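This report is meant for a reader who is new to the structure shown below. The sequence and the model come first, and the description follows.

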Amino acid sequence: MAAVTERSNFGKIAWPVVAWVVALIFFFPIFWLVFTSFKTDADAVKPEHLFFFTPTLENYTNMTQNYDYWRFAINSVITSSFATLFALAVGVPCAYAMAFNPSRHTKDILMWMLSTKMLPAAAVLYPMTFLTKNFLGIFDTHFLVILVLCLINLPIAIWMLFTYFKEIPKEIIEASKMDGVTTWGEIKDILIPLAWGGVASTALLTFIFCWNEAYWTVRLTTVDAATLSKLIEGNRAPEGLFFGRLAAVSTAAVGPIVVLGWFCQKQLVQGLTFGAVK
Amino acid sequence: MSDRSIPRLLQTPAVLLLLVWMLVPLSMTLFFSFIRYALNNTRRPEWTTPDIANWRGFGNYNYVLNNKDFWFAIQNSVIIVVSILIITVIFGLAIAVLVNRSFPGRGIVRVLLISPFFVMPAVNAVLWINMILDPVLGLNGVAVAGINNIVSGLQDFPVLGAFFSLWPEFEPVSFRATQTSAYAVIMMVSWQWTPFAVLIFMTSLQSEDESQKEAATLDGASPWSQFINLTVPHLARPIAIVVMIQSIFHLSLYAEIEIVSRGNGNKNLPYLIGEFSTNNIGAASATGIFAVILANIIAIFLLRMVGKSLMD
């Protein structure tokens, strides 16, 4: 591009410098969280130990020994994975039908699905607790957490899948119909391989949202199905006293998902458009 | 099976699940909003269970509408969402343009920039309000104390000292206070969601028609006028999508509000509902119905904006 080559030497140096500075500012809070997690609770609040201190793993050993970190972490992995799987299992056929056999109601159905996401969770929390505790007896079970995580993320997942499937030429699907391929065969052998990037990126985003969900998972569980967000909830009070411990628990809760995000960054960058790019 | 019934059949599970998920709790909320239902009422034990005999008509709605917290919460919900949207769209655009050029280490820069989006909202709030914004123990307090130290050190210098002795002692801002807690929430949520805007804008910038830009350059258009006349119109749809997806998430903001100040001076509708539901389920449900109405008004507006071009 002409404009780039004509740019001054100053621009050539300043541009990356500005980009790096912005990136480091954005990353700083995460760095600080991890950094603080290696301080003792006492060091964490002393200005003289702001940058220089003796690093310790005490917070982490304390966390795994006394706070049962692994149970919360395993629950998070189980519930988020299954919720993502179910959301795809229900969402892919639905988005397939919407993209390749749209009726005049398709758009309204899609919009209505998204609007269910806008219902404030707080407005239906009490009825949900009441129902699951008193009638269904599924309060604090993995089943309930998986179901709820799947349902709250389903609209976004269907929306994303729909926007990818819509980009696939209809002729390909129609040609396979002529060849007598079944609907299931179309989805499995033609659609998913063609839209693989979109499906993967939907799965990834759904998994991230499930992992980070904190409203329902905190309120619909007590012990058995409690996820990492519940562990944070239990450790955040009293504020200001145990920065080291808090930082370690937080690092351990967000660490896996941030690292996963790093590895799948390319996939996410390519996929996350919600139909914004034509 | 006919050709039309298969697609319908494929949609049924998703539609049915979402319908049940929406209708069952919502109809219960609607019912509770018309009865007297208070969990801890010792004087009137009959009100502690949901019963049609405790019918209150529009009493709960009346109570909520006359509650000054309610109007404040609506106003505050809107202020928080709109501020976050403005900040994330502006910063998102600027950063997306910034990283759209190739330079050394762009891959790492992107990874660093995107990271906040993966952080759990509860951790985000805990981290910002304690370790960064706390006026005594956080970096906020440490930084202000450092500046005060430097200033008082400079006061001993000849000539310059006279100037610095006029400086006041700086006070760190406390972000848990009534007037400032909303700023803390806006700040931390914007930090988390700007990367989301960057992701979407970045993908969209890459699909921009470069030949159009080259032609504009040859015609002598400045980079700024190219940005305004070519890039911004190209980004209209991604901006609409970013606004819509974020509104969906931020209207139900809860963890951040609770962790920053327990709603002190900074309630939004979901938080107010949460407060009511510790005892007065009737009032909580009525507020919930109002929140549903507000969400629908915004939804209709937003979905129109995006829905138009969805099916092309």
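Rings of Phe, Tyr and Trp (for Trp, the six-membered ring) count as a pair if their centres lie within 6.5 Å; planes under 30 degrees apart are called stacked, those over 60 edge-to-face, and the rest tilted. By this criterion, a search of the whole structure finds 44 aromatic pairs over all chains. In one of them, the rings of Phe31(B) and Phe32(B) have centres 5.9 Å apart and planes at 45 degrees, so this pair is tilted.

**Basis of the description**

This is a predicted model, in which local features need a pLDDT of at least 70 and side-chain atom pairs count only at pLDDT 80 or more, while totals for chains, interfaces and linings use all residues. Residues are numbered from 1 along each chain as its sequence is written, chains are lettered from A and ligands numbered from 1 in the order in which they are written, and side-chain values use heavy atoms, with hydrogens and water left out.

**Confidence**

The model has an ipTM of 0.88 and a pTM of 0.89. The predictor's confidence in each residue is the pLDDT, on a scale from 0 to 100. In chain B the mean pLDDT is 85, and 97% of the residues reach 70 or more. Chain A also averages a pLDDT of 85, with 95% of its residues scoring at least 70. Among the elements of chain A, helix H1 (residues 2–6) has the lowest mean pLDDT, 46, and helix H5 (residues 69–100) has the highest, 93. The pLDDT is below 50 over residues 1–6 of chain A, a stretch that has four contacts in the model beyond near neighbours in sequence; a contact means heavy atoms within 4.5 Å. Where pLDDT is low, the predicted coordinates should not be read in detail.

**The two chains**

Helices (H or I, at least four residues) and strands (E, at least two) are DSSP runs numbered from the N terminus. A residue is buried under 20% relative accessible area, exposed over 50% and partly exposed in between, with a 1.4 Å probe and protein chains only. The radius of gyration is taken over C-alpha atoms, and the globule rule is 2.2 Å times the number of residues to the power 0.38. The table sets out these values for each chain.

| Chain | Helices and strands | Radius of gyration | Buried residues |
|---|---|---|---|
| Chain A | 15 helices, zero strands | 23 Å | 58% of 278 residues |
| Chain B | 14 helices, zero strands | 26 Å | 53% of 312 residues |

For chain A, the globule rule gives 19 Å for 278 residues; the radius of gyration is well over this value, so the chain is more spread out than a compact globule. Its C-alpha atoms fill a box of roughly 75 × 70 × 30 Å along the principal axes. For chain B, a compact globule of 312 residues would have a radius of gyration near 20 Å, and the C-alpha trace spans about 80 × 70 × 30 Å along its principal axes.

Contacts between distant parts of the sequence can also be described. Of the contacts in chain A with a separation of 6 or more, 76% involve residues 24 or more positions apart. In chain B, 69% of the contacts between residues at least 6 apart in sequence join residues at least 24 apart.

**Local features of chain A**

Helix H8 (residues 142–165) of chain A has a kink of about 45 degrees at Leu154(A), shortly before the proline Pro155(A). The bend at a residue is the angle between axes fitted to the seven residues ending there and the seven starting there. H8(A) is mostly covered, with 21 of its 24 residues buried.

A charge sits over a ring if NZ of Lys or CZ of Arg is within 6 Å of the ring centre and within 35 degrees of the ring normal. The charged end of Arg71(A) is placed in this way over the ring of Phe72(A), 4.8 Å from its centre. Arg245(A) lies over the face of Phe242(A), at 4.8 Å from the ring centre.

**Local features of chain B**

Within the tilted pair, Phe31(B) counts as partly exposed at 30% relative accessibility, whereas Phe32(B) is buried at 2%. One aromatic cluster is formed by Phe34(B), Trp55(B), Phe58(B), Tyr61(B), Phe70(B), Trp71(B) and Phe290(B).

Leu133(B) is found in the loop between helix H5 (121–132) and helix H6 (139–154) of chain B, and counts as buried at 7% relative accessibility. Beyond its neighbours within four places in sequence, Leu133(B) has contacts that include Trp128(B), Val173(B) and Met187(B). Ser190(B) is found in helix H8 (residues 181–206) of chain B and is buried, with a relative accessible area of 5%. Leaving aside neighbours within four places in sequence, Ser190(B) is in contact with Ile84(B), Ile87(B) and Thr88(B).
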